[in-house]
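Please open the model in your viewer and keep the selection panel at hand. The tour below proceeds from one selection to the next.

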Amino acid sequence: MGIHRKVLFGFIVVGFILFLSGLVSIFEVTRMRDKVSGVLSDNVDALLNTKRIETDVANYADLLLKNLQAETLDTSFFAKHEKFHEDYFEKLNNSHLSINYSSLLDSLYNAYDLYIAVVEEAPGIWGYSENIRTNWISNRFRPAYIQLHDLLEHTMEMSQRALEKNSQEIESGFYRSIMPGVIATCAGILLVILFNYFINLYIVTPVLRITKGVNAYLSNRIPYTVEAENEDEIQELNHAIKTLISEYKSLAKSKQQ
């Protein structure tokens, strides 16, 4: 194999390794980005939206207590938030968390439906005496509220734990995603070092030996005995130099005669 092909082959190998490492790194980073955007988004949405529903539920409970002695009750509170609550349950059901939350979600749906059914009784109850309202709040509203509130708290706890767990997995996954690139880069550096070593061994060193041999012959007439073991242009150059020196010797002898 000629010098040109050796050098070209070395650069192709190094370039291929670096190119392959880049592709692997891009693939891993893209895969990790898609996973992060989906999982973390679901975790954060579940946490924030559950907190909002918990706040709505608590605010309505405060509204009932504040209006316990009022003649009428504002029934528009939950109507304003009904669309958000429906969207919340739909997103939670379709999220990446639904598999782990399946049993909790069923309980949460049932508790929310029960709570809404109890809340819809409020306008009719407010047509009765304060004592009946108080009994309704204690016996009907309060149990439904506590059940829903506890499940919402549990949902937020699970969302928080899932967020922490996914963050840890993503952190470890990030290091895994860059490892192919790191390994390939190290391999590329090693190949460059080996490539440099072989360049010096098969090209630079023979050329220096030939140069030294030629200078020794020209300066001190030391016989040129350099041997080139490579079957390439270096060997051809060495053979040409030997031929030139041999012809020069023959020419010099003929002139002396």
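Begin by selecting F141, which is buried in this predicted model; its relative accessible area is 4%. Next, add Y115, a residue that is likewise buried, with a relative accessible area of 0%.

Display the two side chains together. The ring centres of Y115 and F141 lie 5.6 Å apart, and their planes meet at 50°. Because planes under 30 degrees apart count as stacked and those over 60 as edge-to-face, this pair is classed as tilted. Colouring by helix is useful here: Y115 belongs to helix α3 and F141 to helix α5, so the pair ties together parts that are 26 residues apart in sequence.

Extend the selection to W126, W136 and Y145. Together with Y115 and F141, these residues form one aromatic cluster.

Now centre the view on W136. Which residues is W136 in contact with, leaving aside its neighbours within four places in sequence? They are L64, V118, E121, A122, I125, W126 and F141.

The next selection is the largest nonpolar core, which has 30 residues. Y60, L64, Y115, W126, W136, F141 and L148 are the members that touch the most other members. At least two residues of this core come from each of the following helices:

- α1, spanning 3–66
- α2, spanning 77–94
- α3, spanning 98–119
- α4, spanning 122–125
- α5, spanning 130–220

Of these, α5 gives the most to the core, with nine residues. Apart from this core lies another, of eight residues. To locate this other core, select I210, I234, I241 and I245, which are among its members.

From the interior, turn to the surface. Select L190, L194, Y197, F198, L201 and Y202, which make a nonpolar surface patch of about 550 Å². Within this selection, highlight Y197, which is placed in helix α5. Is Y197 buried, exposed or partly exposed? Its relative accessible area is 47%, so Y197 is partly exposed. F198 also counts as partly exposed, at 40% relative accessibility.

Finally, show the rings of Y197 and F198. Their centres are 5.3 Å apart and their planes stand at 70°, so the pair is edge-to-face. A search of the whole structure finds six aromatic pairs, and this tour has visited two examples: the tilted pair of Y115 and F141, and the edge-to-face pair of Y197 and F198.

Technical notes
Residues numbered from 1 in each chain as written. Predicted model: local features only at pLDDT ≥ 70, side-chain atom pairs only at ≥ 80, totals over all residues. Heavy atoms only, no water. Core = buried A, V, L, I, M, F, W, Y, C linked by side-chain atoms within 4.5 Å. Buried < 20%, exposed > 50% of the residue type's maximum accessible area, 1.4 Å probe, protein only. Helix = DSSP H or I, 4+ residues; strand = E, 2+ residues; numbered from the N terminus. Contact = heavy atoms within 4.5 Å. Patch = residues over 30% accessible without salt bridge, like charges linked within 9 Å, V, L, I, M, F, W, Y side chains within 5 Å. Areas by Shrake-Rupley, 256 points an atom, 1.4 Å probe, with all protein chains shown as cover. Salt bridge = Lys/Arg side-chain N within 4 Å of Asp/Glu carboxyl O. Phe/Tyr/Trp six-rings, centres within 6.5 Å; stacked < 30°, edge-to-face > 60°.
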